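Dear colleague,

I am passing on the structure we talked about, and below it you will find my notes on what turned up when I went through it. Please read them with the coordinates open beside you.

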Amino acid sequence: MKLNLLSCDAQRPDKRAITKCILEISFNMNPSLAYELTEIMLEGDAVDVEVEDKNSGSALRALRKLSIDYEIID
């Protein structure tokens, strides 16, 4: 499943927690890329992340907990 991470509505977003979340939910991601995608998203641009189908439910919950807006692409 592919997700488009749109933005983070948290008043004070926790970059480290967001990076860790992206790293844990995504398929085949390294820490430096996860950090870079976090920075891009927090600057206001959407990023695409591929999530394994078996982790999709927990991935969506984790994103909502961090106040990250997303849309399901595929």
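The notes below begin with the whole chain, turn to one helix, and end with individual residues.

Please keep in mind throughout that this is a predicted model.

**The chain as a whole**

The secondary structure of the protein chain amounts to three helices and three strands, and these follow one another along the sequence in the pattern β-α-α-β-α-β. The chain is as compact as a globular protein of its length, because its radius of gyration of 11 Å is close to the 11 Å that the globule rule gives for 74 residues. Taken along the principal axes, the C-alpha atoms fill a box of roughly 30 × 20 × 20 Å.

Of the 74 residues in the protein chain, 34% are buried, and the chain exposes about 4800 Å², with carbon and sulfur atoms supplying 44% of that area. If you look at contacts between residues at least 6 apart in sequence, 74% of them join residues at least 24 apart. As for the charges, there are 9 positive and 14 negative ones, and the mean positions of the two sets lie 10 Å apart.

**Helix H2**

Helix H2 runs over residues 31-42, which makes twelve residues, and spans 17 Å from its first C-alpha to its last, close to the 16 Å expected at 1.5 Å a residue. Which residues of H2 are buried? They are Ala34, Leu37, Thr38, Glu39 and Met41, and the elements that cover them include strand S1 (2-8), helix H1 (15-25), strand S2 (47-50) and strand S3 (68-72). In reading that list it may help to recall that an α-helix has 3.6 residues a turn, so residues three or four places apart point the same way.

Two other residues of the helix are worth setting beside the buried ones. Tyr35 has its place in helix H2 and counts as partly exposed, because its relative accessibility is 43%; its C-alpha atom is separated by 5.2 Å from that of Thr19, although the two residues are 16 apart along the chain. Leu33 also has its place in helix H2 and, at 35% relative accessibility, counts as partly exposed, while its C-alpha atom is separated by 8.6 Å from that of Leu23, ten residues away along the chain.

**Two buried residues**

Leu5, in strand S1, has a relative accessible area of 0% and is therefore buried, the cut-off being under 20%. Leaving aside neighbours within four places in sequence, the contacts of Leu5 are with Ile22, Met41, Asp45, Ala46, Val47, Val49, Leu63, Ile68, Asp69 and Tyr70. Met41 in that list is also one of the buried residues of H2. By contrast with these contacts, Leu23, which is 18 residues from Leu5 in sequence, is 13 Å away from it in space, C-alpha to C-alpha.

Cys21 lies in helix H1 and counts as buried, because its relative accessibility is 8%. With neighbours within four places in sequence again left aside, Cys21 is in contact with Ala62, Leu63 and Leu66, and Leu63 also appears among the contacts of Leu5.

**Backbone angles to check**

Most residues other than glycine have a negative phi, and with that in mind I would draw your attention to two loop residues. Asn28, in the loop between H1 and H2, has a phi near 60 degrees, a positive value in a residue other than glycine, and with a relative accessible area of 74% it is exposed. Ser67, in the loop between helix H3 (56-65) and S3, has a positive phi of about 65 degrees although it is not a glycine, and at 31% relative accessibility it counts as partly exposed. Ser67 and Cys21 are 46 residues apart in sequence and 12 Å apart in space, C-alpha to C-alpha.

A further positive phi, of about 115 degrees, is found just after H2, and there the residue is a glycine, Gly44.

With best wishes

Conventions. Residues numbered from 1 in each chain as written. Predicted model: local features only at pLDDT ≥ 70, side-chain atom pairs only at ≥ 80, totals over all residues. Heavy atoms only, no water. Helix = DSSP H or I, 4+ residues; strand = E, 2+ residues; numbered from the N terminus. Expected span 1.5 Å × (residues − 1). Buried < 20%, exposed > 50% of the residue type's maximum accessible area, 1.4 Å probe, protein only. Contact = heavy atoms within 4.5 Å. Rg over C-alpha atoms; globule rule 2.2 N^0.38 Å. Areas by Shrake-Rupley, 256 points an atom, 1.4 Å probe, with all protein chains shown as cover. Lys, Arg positive; Asp, Glu negative; His and termini not counted. Charge placed at Lys NZ, Arg CZ, Asp CG, Glu CD.
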